[in-house]
Amino acid sequence: EELIKLRRTYNVHMVFFTDSIFNDRSGNHLALAEEMIRNDVTMAWSAYFRPSAMTRDQLRLLKRSGLKAIEAGTDAGCDETLQAMGKPFSMDEVRQFHRLCVSERVPCAHFVIFGGPGETMDTVRQGIDNLNQLEHAVVFPFSGVRLHRQTALFRRAVKEGVVSENDSLLRPVFYFSPAVNPDEMNAVL
């Protein structure tokens, strides 16, 4: 109903769903796509996706509903750092997801954070190599992970002495693995 109103009342032609993981495991994104098609909501859209299992039929459904591009929360460049960040997918799944997007002509950008938990200079180089293998890809690399209170990473940063329990974090503070020098890492990136 909101999309119909945006289209009819405000002549909106494109929306971006800002849900942090649009393609949730429950399949709500597929139900939304079906409703958009059923209600003839002619509007282009994009969203943040988890780069994991998706079938060709599912991607085609999303395209029929107006999907124009995907922004993938790949978040790390190799299996070691994906695991250290608690991601429920592997680089093989990222590659499969990306190949599917390329084969269906859906532009796919990958957001990748370097310097997070488990990062070393070897994983940085491995991550760069992995990302360079993604055909027709745009990669947005980020340096360091912003800390927020009441997260596992904040607790880890306190234990590692990166921040103290009492730091306000009002000004952004970024976590870097103790195994990397941020300046050296950024030069390699």
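User: Happy to dig in! Which residues form a nonpolar patch on the surface?
Analyst: Good place to begin, keeping in mind that this is a predicted model. The patch has about 260 Å² of accessible area, counted over its members together. One of them lies in strand 5, which covers residues 138-143. The patch is formed by Val138, Phe140 and Phe142.

User: Is Phe142 buried, partly exposed or exposed?
Analyst: Phe142 sits in strand 5. Its relative accessible area is 41%. Buried means under 20% and exposed means over 50%, so with 41% Phe142 falls in between and is partly exposed.

User: In what order do the 5 strands of the open sheet come?
Analyst: The pairing in this sheet is parallel. Strand 1 (14-17) and strand 5 are the edge strands, each pairing on one side only. From one strand to the next, the twist averages 15 degrees. The order is 1-2-3-4-5.

User: What is the bridge partner of Ala109 in strand 5?
Analyst: Strand 4 spans residues 108-114 and pairs with strand 5 in the parallel sense, over 6 bridges. The partner of Ala109 also belongs to the nonpolar surface patch, alongside Phe140 and Phe142. That partner is Val138.

User: Along strand 1, which side chains point to one face and are buried?
Analyst: The side chains of strand 1 alternate. Met14 and Phe16 point to the other face and are not buried. The buried pair is Val15 and Phe17.

User: And what is the bridge partner of Val15 in strand 2?
Analyst: Strand 1 and strand 2 run parallel, joined by 4 bridges. Val15 itself is buried. Its bridge partner in strand 2 is Trp45.

User: At what angle does helix 6 run to strand 4?
Analyst: Helix 6 covers residues 121-132 and lies across strand 4 and strand 5. Helix 3 (residues 56-64) lies across strand 2 (44-49) and strand 3 (67-75), and runs at about 130 degrees to strand 3. For helix 6 and strand 4, the angle is about 175 degrees.

User: What is the phi of Asn11, and where does this residue lie?
Analyst: Most residues other than glycine have a negative phi. Asn11 has a positive value, and with 48% relative accessibility this residue counts as partly exposed. Asn11 lies in the loop between helix 1 (2-10) and strand 1, and its phi is near 55 degrees.

User: Is Asp40 buried or exposed?
Analyst: Asp40 is found in the loop between helix 2 (28-38) and strand 2. Although not a glycine, Asp40 has a positive phi of about 55 degrees. Exposed means over 50% relative accessible area, and because Asp40 has 59%, this residue is exposed.

User: How far apart in space are Gly161 and Met185?
Analyst: Gly161 is found in the loop between helix 7 (152-159) and strand 7 (174-175). With a relative accessible area of 57%, Gly161 is exposed. In sequence, Gly161 and Met185 are 24 residues apart. From C-alpha to C-alpha, the distance between them is 20 Å.

User: To finish with the whole chain, what share of its residues is buried?
Analyst: The chain has 8 helices and 7 strands, and its C-alpha atoms fill a box of roughly 55 × 40 × 30 Å along the principal axes. It exposes about 10,900 Å², with carbon and sulfur atoms supplying 48% of that area. Of the 189 residues in the chain, the buried share is 40%.

Terms used. Residues numbered from 1 in each chain as written. Predicted model: local features only at pLDDT ≥ 70, side-chain atom pairs only at ≥ 80, totals over all residues. Heavy atoms only, no water. Patch = residues over 30% accessible without salt bridge, like charges linked within 9 Å, V, L, I, M, F, W, Y side chains within 5 Å. Areas by Shrake-Rupley, 256 points an atom, 1.4 Å probe, with all protein chains shown as cover. Salt bridge = Lys/Arg side-chain N within 4 Å of Asp/Glu carboxyl O. Helix = DSSP H or I, 4+ residues; strand = E, 2+ residues; numbered from the N terminus. Buried < 20%, exposed > 50% of the residue type's maximum accessible area, 1.4 Å probe, protein only. Pairing = 2+ DSSP bridges. Axes fitted to C-alpha atoms, helices over the stretch in contact; angles between N-to-C directions. Contact = heavy atoms within 4.5 Å.
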